[in-house]
Amino acid sequence: MTNHHTTGDGGSIESRLTEQEYFRPPPEFVGQANVTDSSIYDRFEENWPAAYEEFAELLDWAERWDQVLDDSNPPFYEWFTGGKLNASYQAVDRHLPERKDQTAILWEGEHGTTERIAYQDLYRRVNEMAAVFREVGVAEDDIVTMHMPMVPGLPISMLAAARIGAPHSEVFAGFSAQALADRIDDAGSDVVVTIDGYYRRGEFLDHKEKADKALELAESDPETVLLFTREDELHEDVSIDSDDPYVLVDEVLQDKQGVSVEPVARDAEDPLFLMYTSGTTGQPKGTQHRTGGYMAYVTATSKYVLDIEPADTYWCSADIGWITGHSYIVYGPLSLGTTTVMYEGAPDFPHKGRLWEMAEKYDVDIFHTSPTAVRMFMKWGEEIPRQYDFDFRHLTTVGEPIQPEAWLWYYEHIGGGDAVIVDTWWQTETGGHLITNLPALKDMKPGSAGFAVPGIEPAILDDQGNEIDPATGQAGNLVITKPWPGMLQTVYGNDERFIDEYWRAFSDTSSDDPEDWVYRAGDGAVHERDGYWRILGRLDDVMNVAGHRLGTMELESAVAEVSDVAEAAVAGRDDPEKGTVPDIYVTLREGVDPGEDVRDRVVGAIEAEIGTFARPANVWFVDELPKTRSGKIMRRLLEDISNDEQLGNTTTLRDPSVPEDIRRQVQD
Ligand code: WTA
C-alpha cells in the first residue's frame, strides 16, 4: 500500500485506501485505564473551552488563571491568562514529597552503562544547572540554544533553563554546523549548550566540532558555550583553546553543589521553548510554545492518551531533539511523575534485539515509536523480538501514517496481541496530540489515527476552502477550526509568517471573529464514514523522511549553492522503509559534465546545510526541469516520475516533452 497522493490541477486530492477491521482494547487494559468514562467527549463539546480547566488542573499553579481562553485577537490566542507557573516545578519539585527516590529518568548509554536519576537527583541536578546558567549570565527570557544528543544533560538543561524562565531552543544533534548557526542567529542566543561527543554504533562522534564550525558560520557571536563531557573528563580527541567561548559545565558546577534556585513563576503565556521546523518557504521557523497551555496539554494527553501512571516505566524511542521528545519524553511524562527511559544509541547496536533487551531488562510498560521504526523491525523479522521477555500494555506510533500491515505486525509481534495501540497525529506546531483515540474508549482501526482529542475540532476542506461534509470519506485539506491550549503561539519573531503559513489559506484574515480563523495543518486527510480520521500525509512542500520533517525549499536552496548547478527541484519518492525519501533533479551550467564529482558535491551540500539524515536517495542530472509557461517548476510531475506513476496533466507546460524525457531517463 502506498500513501502517495497529489493535489492535482483540479484541486482534487486522491487517496487509495482499503477498509480495515476494528480491534477492541483488551479488557485488562480497559480495567486499569486513566479514562474509562466516555462523557469526557460530551463535556468538552458542551463546555468548550471551559472544559480545558480539567487539563490545567493537572498542574500545580503558583497563581490560578482568570480566564481559560482569550480569543479577542485571533490567531494570537491566549490560554489560562493571569495564571502563573513554572514548568520545571511541574516536572520535578512537585513529585518530591511522594516519590523522591523513584527513578525519574532511566538513561542507558550505547555501551550499556545505566544511569538511574531519581526525582531527588533530578531536582539537585536541575537546580545546579540553573545556577550554572545564572552564573554565565542567562537572564529570564534569554533564549538558550542547545545542540545536545540523547544524554541526561539534555533534559536537565531544558528543565534548568525553564526553571529560571529562559526559553530553550534545542537543535537535534544530527543537524549540521550551518543549521545550528542559523538557529543560534535566529534566536539571538548568547549562551549555547553542547557536549564533546557521544556514541553511535560503537564510535565516539566528535560533536564539539559542529559547534566550533557553527561559531565561525554564525553572524552573531555567542559569549559562552557550555560544554558537557560524555565521560568524566573531556575526550582525548577534543580540546578547548584558551580564547574559545567554551566553558566546561563540570568546572562551573564545582561550587554549585546542593544549591537551590527558586523556580521563577512564569506567566502562562510566557514562552517555554522554541522548536525550529521546516515549512513551505525559506529557512526553518522557530515554533514558539507557551508555558501554561503547553504544559497543561502535554500533561493531559500523556495521562489520557498514553495512559501513563507514576508507577510505569515509559519509553519513547524518539530523540528529544524533536517535538515528540520534548512533549512525550520530557515534559508530559515527568509532569506525571513517571519513569521515562532515554537511550543514547542505535537500535541495532550491538545487535538488532537491543531495544527488546532493554524493554525486558527495565520491564517497560509503555513503548512509543514511529512507523519507520516499525517497518525496520518488520524487516529484521519477528524472530528478533521473540527472543526477549517483555510485556507492553500500551504502544504508540507517531510521525507518519502507519500502513495497516505494519500496524498489524506491531500489534502482534511487539504488543503480543494484548496491548493497545494509539496512532497519534499531531505536529511540532500543535504541541501535543490532536487526533488519536482515548485508548479505553474507542476501538482501534489499523491505519486510522482515530477520533479527535476532546475539545479538538478537525474538518476537511476542499482546495477552495469549502467544508466537505463530515464522515463522507472524501479526501481533502485537514484543518482545525478551534484553538487548543497546546498550539504554537507564533513563529518566533515573525507574526506575519505565522499567519501566512498556518492561517491565511482558509481564514478571513481581516476578521477579529475567531470563527473566521482556521488552522491549516498542511496534511491531507479523510474523515471516514465511521467517524475515524485517516491521515494521508503532507500536501505542501514539506516531506516526511523517516519521520523527520524536511522542506523541499531547504533542500533546493542547499543544492543551488553548488557552483556547477543551474537549477534544482526536489520530489518525494515513496520508500517502503522511510516513508518518503528525497530525489533531487538537477540541471547543470553550460559545459559542465554530469558525474560523480558534481553528485558528491550536491549530496555534500545537503549534508553541510542540513545534516546527514537529509541525504537524498537519487540525484538525477536532467537537461531541463518541467516548467509552466510562467516559469514555475512543476514538482508534481517529478513526483509522478519518481514514483513510477503515469504523468499527470502536462498541458500547462512550456515544453510538454520535458517530463517525458526525464521519465525515460529515470524509469528506463
Ligand atoms: C505527520 C511530529 C500520519 C504529518 C509529531 C504531520 C502523521 C507531520 C502522524 C508533523 C500520524 C505526524 N499519522 N501522519 N499519526 N503524526 N504525522 O512536526 O504529516 O515532526 O504534518 O511532528 O508528521 O511532523 P512533526
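**Domain interface and ligand site**

In this predicted model, domain 1 and domain 2 bury about 420 Å² between them. Carbon and sulfur atoms give 55% of that area. On the domain 1 side, three residues lose the most area to domain 2: Phe175, Ser176 and Gln178. Together they account for 64% of what that side buries.

The two domains are set by the domain assignment of the protein. Domain 1 covers residues 120–264. Domain 2 covers residues 562–667. Six residues of domain 1 and seven residues of domain 2 take part in the contact. The C-alpha centres of domain 1 and domain 2 are 38 Å apart.

The polar side of the interface was examined next. Between domain 1 and domain 2, three residue pairs are in polar contact. For these pairs, both residues have pLDDT 80 or more. Zero salt bridges are found across the interface of domain 1 and domain 2. The domain 1 side that touches domain 2 has no charged residues. By class, that side holds three nonpolar and three polar residues. A salt bridge needs a side chain of Lys or Arg on one partner and a carboxyl oxygen of Asp or Glu on the other. These four residue types are the ones that count as charged. Domain 1 brings no charged residue to this contact.

The ligand site is described separately. There are 17 residues around the ligand. Asp423, Thr424, Thr428, Asp523 and Arg549 come nearest. Asp423 also places a polar side-chain atom 2.7 Å from a nitrogen atom of the ligand. Gly399 approaches through its backbone: one of its polar backbone atoms is 3.0 Å from a ligand nitrogen atom. Asn544 faces an oxygen atom of the ligand instead, with a side-chain N or O atom at 3.2 Å. On its own, the ligand has 530 Å² of accessible area. The protein covers 96% of that area.

How values were computed:
Residues numbered from 1 in each chain as written. Predicted model: local features only at pLDDT ≥ 70, side-chain atom pairs only at ≥ 80, totals over all residues. Heavy atoms only, no water. Domains from an automatic or database assignment. Contact = heavy atoms within 4.5 Å. Buried area = accessible area lost by both parts, 1.4 Å probe. Salt bridge = Lys/Arg side-chain N within 4 Å of Asp/Glu carboxyl O. Polar contact = N/O pair within 3.5 Å; in protein donor to acceptor, adjacent residues only side chain to side chain. Near = heavy atom within 4 Å. Areas by Shrake-Rupley, 256 points an atom, 1.4 Å probe, with all protein chains shown as cover.
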